[in-house]
Amino acid sequence: MERTAIHVSSEEMARQRAAMAEIRDLPQRPESYHVVTYGCQMNAHDSEKLAGMLEEMGMRPAPTREEADFVIFNTCCVRDNAERRALGNVTWLKEVRKTRPNLMIAVCGCMIQEPGMAEKILKQYRFIDLAFGTANLHRFPELMLEALNSRAGLVRVTGEDVIAEDLPVRRVRQDAAYLTIMYGCDNFCSFCIVPYVRGRERSREPSDILREAEALQKSGVQEIMLLGQNVNSYGKGLAQPVSFAGLLRELDGMGIPRIRFMTSHPKDLSDDLIEAMAGSRHILPQFHLPVQSGNDEILRRMNRHYTRDQYLDRVAALRRAVPGIGLSTDIIVSFPGETEAQFEDTLSLVEQVRYDSAFTFIYSPRTGTRAAAMEGQIPEEVSKERIQRLIALQEGLQQETLRRFVGQEEEVLVEGLSRRSDRAVSGKGRHGVSVTLPGTASDTGTIVRCRITKVKNNTLMGERLEQS
Ligand code: SAH
Ligand code: SF4
Ligand code: F3S
């Protein structure tokens, strides 16, 4: 298979494997590891790769960070609170090291890619043994070896925007798996730091994706979640361009029971993709479609490239093609300059669409992004009041929206025992909504048929049906 230049060379990957083997044989290396993850599914999956590499280095997982010889923080910087939480926890671990001098601490992920962060780490967090950004994830073995040999605080941030295939992975779940189809983002929404810390958009070769999907299918996976910051624009720059809809059709044909994906950008949501979903057998009837705001002027200043009406048109098209589809979204309140009337447009959009769930955020200025330099940053009291009104509205509507499932059959991929009872299990239905139903731990990882009986606390309750 012809590979484009953006792929990490096989020589470089061989060097990483050699570094892992060398670490495994070191007499004085950490015996156990713990990965602490912040942020989105991308980071969760990167942590699975980190764990895979650490196992190849001969380390075993420690149940808590206090018990581990090596702790690595995989950080997020999408909002200020994500960043503060990570740094707080790293600093706390410094105290633990006073009693355990051999404890090794590493920090990686999006936060490390922020401009100026490397210098800050070197100055203020000298106790960190190793820091590297998302661009160097595949070089972790080499960097780890260097850190073990030097123990002098190693920071490596810069790197090319590459694609690394065949990294070892240790998956958290055996029944459901993340599968990255693309990396980076080119959209530069004016509030967002992701394009700066994850680099330019690049798509994996379809053959590599299908190969990974086949291996997952063989291992008995019930569900795959395709990952990318904007999966709808998948395929750009490939030697033989393939659309996301085309890729979905191929994956659907393999017969893996459930396929989901995130995230979709409304501006790139094509009719072809909607058709592919409607005509599929295994693509779940659910869609995460971040709207961010219901006001055209705010959307323009966010650089989102769609209007409220265009967004609503996409929602209508999805609902026509996939009746009953589960819809969720992301919303930001208090974007710079947002007036009360503009905020109310967001409320009215939420009322109009009726989402099954919404992730709501207060705008957080991120250094280096365009919005951070805009006038009209909104005071905290106003933002808090706005987000509370939005959450209250959504919660009320959600109770009603979810009622459409009552009396319906649903298939649930059981994630485990319910938190409230040891005679109930919970998991996600095909529409993406959490369902609790009678069951035991042995149901974990299986798909169970049920009938929805009621809505409770914004989730669904079900009773089991005979398995067909
Ligand atoms: N690529 C995805 C989402 C990435 S970040 C997309 O385009 O939808 C996830 C969510 O975090 C975003 O949808 C947005 O709602 C929120 N977010 C991103 N930057 C933010 C910021 N500076 N302040 C508040 N919320 C932000
Ligand atoms: Fe951020 Fe926009 Fe890219 Fe999503 S599409 S990651 S919000 S820049
Ligand atoms: Fe955070 Fe990086 Fe994801 S900034 S939201 S972990 S891409």
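# Exercises on strands, helices and pockets

**Exercise 1.** In which sense do strand 4 and strand 5 pair, and over how many bridges?

*Solution.* Strand 4 covers residues 104-109 and strand 5 covers residues 130-132; the two are joined by three bridges and run parallel. The model examined here is a predicted one. As one example of a bridge, Ala106 has Leu130 of strand 5 as its partner. Next, consider what packs on this part of the sheet. Helix 5 (residues 140-150) touches strand 3, strand 4, strand 5 and strand 6, and its direction makes about 155 degrees with that of strand 5.

**Exercise 2.** Give the strand order of the open sheet of six strands, and state which strands stand at its edges.

*Solution.* Step one: the order is 2-1-3-4-5-6, and the pairing is parallel. Step two: the edges are strand 2 (60-61) and strand 6 (154-156); each has a single partner strand, so one side of each has no neighbour in the sheet. Step three concerns the helix that lies across strand 1 (32-37), strand 2, strand 3 (70-75), strand 4 and strand 5: this is helix 2, which runs at about 170 degrees to strand 1.

**Exercise 3.** Repeat the analysis for the open sheet formed by three strands.

*Solution.* The order is 7-10-11, again with parallel pairing. Strand 7 (176-180) and strand 11 (258-262) are the edge strands; a single partner strand each means that one side of each is left without a neighbour in the sheet. On average, neighbouring strands here are turned by 25 degrees against each other, direction ignored. Now take one pair. Strand 10 (residues 223-227) is joined to strand 11 by five bridges in the parallel sense, and Ile224 stands opposite Ile259 of strand 11. Helix 2 also lies across strand 7, strand 10 and strand 11, at about 100 degrees to strand 7.

**Exercise 4.** Trace the antiparallel pairings of strand 18, then find the residue with a positive phi in its hairpin with strand 19.

*Solution.* Begin with strand 15 (residues 409-417), which is joined to strand 18 (residues 447-456) by five bridges. Within strand 18, Val448 is the bridge partner of Val412. On to strand 19 (residues 459-464): six bridges join it to strand 18, and Lys456 is bridged to Thr459 of strand 19. The hairpin of these two strands has two residues between them, and Asn457 takes a positive phi near 50 degrees.

**Exercise 5.** Describe the second largest pocket by volume, lining and residue class.

*Solution.* Its volume is about 350 Å³. The lining consists of 18 residues, and those nearest the centre are Asp166, Leu167, Val169, Arg171 and Glu212. By class, the lining divides into seven nonpolar, three polar and eight charged residues. As to the helices, helix 2 (41-56) and helix 7 (206-218) each supply at least two lining residues. Helix 7 gives the largest share, five residues.

**Exercise 6.** Which residues surround ligand 3 and ligand 2, and how do they divide by class?

*Solution.* Around ligand 3 are Gly39, Cys40, Asn43, Cys76, Cys77, Val78, Cys110, Arg198 and Gln229. This shell has five nonpolar, three polar and one charged residues. Around ligand 2 are Cys185, Asn187, Phe188, Cys189, Phe191, Cys192, Val194, Pro195, Gln229, His265 and Arg304. The shell of ligand 2 has seven nonpolar, three polar and one charged residues. Finally, compare the two lists: Gln229 appears in both.

Terms used:
Residues numbered from 1 in each chain as written. Chains lettered and ligands numbered in written order. Predicted model: local features only at pLDDT ≥ 70, side-chain atom pairs only at ≥ 80, totals over all residues. Heavy atoms only, no water. 1 Å grid on protein atoms, 1.4 Å probe; cavity = no way out; pocket = protein on both sides within 12 Å on 5 of 7 lines; lining within 4 Å. Points joined across faces, edges and corners; volume = space filled by probe spheres on them. Helix = DSSP H or I, 4+ residues; strand = E, 2+ residues; numbered from the N terminus. Nonpolar A, V, L, I, M, F, W, Y, C, P; charged D, E, K, R; others polar. Near = heavy atom within 4 Å. Pairing = 2+ DSSP bridges. Contact = heavy atoms within 4.5 Å. Axes fitted to C-alpha atoms, helices over the stretch in contact; angles between N-to-C directions.
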